[in-house]
Amino acid sequence: MSAPHSDFIKTVTERGFMHQCTDLDALDDLAAKGTISAYIGFDATADSLHAGSLVPIMLLRTLQKCGHKPIVLMGGGTTRIGDPSGKDEQRKMLTDDDIARNMDGIKRVFSKYLTFGDGPTDAVMVNNADWLNDINYIDFLRDVGRHFSINRMLSFDSVKLRLDREQPLSFLEFNYMILQAYDFMQLGRSHNVSLQMGGSDQWGNIVNGIELTRRVDERQVYGLTVPLMTTASGIKMGKTHGGAIWLNEERLSAYDYWQYWRNTEDADVGRFLKLFTELPLDEIARLEALEGADINEAKKVLAHEATKLCHGEEAAVAAAATAQKTFEQGGFGDDLPTADIPKGELESGIGILEVLCRVGLTATNGEARRFVQQGAVKVNDAKSDDARRQLTAADLNSDGLIKLSVGKKKHGLVRAV
């Protein structure tokens, strides 16, 4: 295409959000002429989103900052089925109570990144259960289902993946792409939505919605996808060996969130600064050009800016101060994960494996045992490789604390109470 006319297409192109787009020139012209409404759907499969959802979240934020209207579609209806895209087995079926609880947790994430309200560019949150739950099945088959070719549906990657691996694909899941297409058409009618965005694994579903809207409503709409994110070493974005990088603080502390970004691989720094911060591109170019030990300063900037967006300026500053105190000064940072253990338990002794779990440095006793046996665990900065070790009151320092470390980057405290 020629140079973009609209701030939105220019920004998403320059900052690396763009993967695929239907009729990019026409969408660019539409965005240049006035306000467009665009949506991304999020199924409520957990009570928080994780960092793997940050690219679409930041895309919605970018859309709003460029003068357009973001629609957050909560999949209260489609979560009852489960999206087969990118999955080689059926998702766990959730109850209506599970879905409602998960939606409450997810809603809190979006309030950090988007401005909601009644204005022309204020974000709106809608729930597809409002129209999917009351569908008349026969009418739906007649009015919507007739526009879908089974032959074409079998060609989509989300279906082919399961069939090629000889994994069962239920009829329930097979209907998901039809329901998502119907969502697009419904939002076009109710909220004048002209653009659906999502991860690249959603391309087939998005194209289905465009085709359905064209055939039924004779209306031109568009689709745009972002790349599915992996780190330079091939790890899926938002996942670590210690678990998901959740966006809600009750699932992951602001300090651990800061540390995740601080530990970014060197090769990812520039790309992540473009996607997950709002720093100017010339400043990002300066930071990503740093080499050797200096690249760590760029990582600290990334950690601060990403944490500021998710948890606020105060939390980002506190996390940096804790990291400096813990790593550079050898002290105990105030925001380290801490487990309060009664003095009585410590006086009689408590196993190191249990303590590592209670502090949150390991998920299970088995994981804790492996780290201890590998020599990765330290107690008060001294290596501890005995999985039968008991921590006692004798391990407390003068402040009534025990410092635990797993590897070089995970630290926590035991506090006697």
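In which sense do β2 and strand β5 (residues 193–199) pair, and over how many bridges? The two strands pair in the parallel sense, over three bridges. Keep in mind as you browse that this is a predicted model. Here is a short tour of strand β2 and its partners, followed by a five-stranded sheet.

**Strand β2 and its neighbours**

- Strand β2 covers residues 37–42, and five of its six residues are buried, so the strand is largely enclosed by the rest of the structure.
- Besides β5, β2 has a parallel pairing with strand β3 (residues 69–74), and this one spans six bridges.
- Ser37 is a handy landmark here: it stands opposite Lys69 in β3, and it also stands opposite Val193 in β5.
- Helix α3 (residues 54–65) joins β2 and β3 in a β-α-β unit, which is right-handed.

**The five-stranded sheet**

- Following the order β9-β15-β14-β11-β12, five strands make up an open sheet with mixed pairing.
- At the edges sit β9 (338–341) and β12 (382–383), each of which pairs on one side only.
- Within this sheet, β14 (residues 401–406) runs antiparallel to β15 (residues 410–416), and six bridges link the pair.
- To find your place in that pairing, look for Ser405, which stands opposite His411 in β15.

**A helix across the sheet**

- Helix α18 (residues 352–359) lies across four strands, namely β9, β11 (377–379), β14 and β15.
- Relative to β9, helix α18 runs at about 125°.

Methods: Residues numbered from 1 in each chain as written. Predicted model: local features only at pLDDT ≥ 70, side-chain atom pairs only at ≥ 80, totals over all residues. Heavy atoms only, no water. Pairing = 2+ DSSP bridges. Contact = heavy atoms within 4.5 Å. Axes fitted to C-alpha atoms, helices over the stretch in contact; angles between N-to-C directions. Buried < 20%, exposed > 50% of the residue type's maximum accessible area, 1.4 Å probe, protein only. Right-handed = clockwise from strand over helix to strand, strands pointing away.
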